[in-house]
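This report describes the nonpolar cores and the strand pairing around one element of the structure shown below.

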Amino acid sequence: MGLQGRDRRTTNSIGNISEAAIITRFLQLGYVVLIPNGRKQRYDLIIEDGEGQFWRVQCKTARIQDNGTVIAFDTANHNMALKVKRMRHYREQCDFFAVYCEELNKIYLLAVDQVGTTRANLRLVPAKNNQEKYVRWAKDYEI
């Protein structure tokens with residue numbers, strides 16, 4: 001008799017996979033990882049660096065899009081419980097986004113104030129028009 005997982009993934013299970021991968025990577029890099037009690041904060045983790053500095057981290061899941069040219073992730077959460085649907089950004093409520101792309105099995109770390117307030121892209125391949133200005137290369141944020 002073997003173990004068998006569930007057939008269907010949910011948004012919660014996808015988020016849990018991303019968070020577990022991110023925690024594992026921070027631990028591999030030597031950070032102390034703290035998980036807030038209650039899970040109602042605007043950040044998923046707190047990491048402590050080698051100098052004793054604490055940083056609030058929001059974990060995100062990225063998807064490959066635009067024919068494999070970029071990975072994209074939301075930089076706001078969608079509050080679907082309210083009658084009026086709205087997105088809330090994370091500025092001043094956490095310090096970094098840690099982003100996991102399962103398709104690439106890679107993690108990226110970006111400062112919250114260096115990306116837009118609804119969505120961000122990290123480029124995987126050069127643009128067809130060779131534009132380089134304002135391009136956020138995935139490889140530059142990989143941890």
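## Strand β5 and the cores

Four of the five residues of β5 are buried (under 20% relative accessible area with a 1.4 Å probe, protein chains only; exposed is over 50%, partly exposed in between), so the strand is largely enclosed by the rest of the structure. Strands here are DSSP runs of E with at least two residues, numbered from the N terminus. The model is predicted: local features need pLDDT of at least 70 and side-chain atom pairs pLDDT 80 or more, while totals for chains, interfaces and linings use all residues. Residues are numbered from 1 along each chain as its sequence is written, and side-chain values use heavy atoms, without hydrogens and water.

Two strands pair if DSSP finds at least two bridges between them. The pairings of β5 are as follows.

| Pair | Sense | Bridges | Residues opposite each other |
|---|---|---|---|
| β4 and β5 | antiparallel | three bridges | Gln 65 and Val 70 |
| β5 and β10 | antiparallel | five bridges | Asp 74 and Arg 119 |

β4 covers residues 63-65. Four residues lie between β4 and β5 in a hairpin, and Asp 66 in its turn has a positive phi of about 50°.

The largest nonpolar core (buried Ala, Val, Leu, Ile, Met, Phe, Trp, Tyr and Cys residues joined through side-chain atoms within 4.5 Å) has 16 residues. Those with the most contacts inside this core include Phe 73, Phe 97 and Tyr 108. Two or more residues each come from β5 (70-74), β8 (96-101), β9 (106-111) and β10 (119-123); β8 gives the most, with three. A second, separate core of 13 residues includes Phe 26, Leu 45, Ile 47 and Cys 59.
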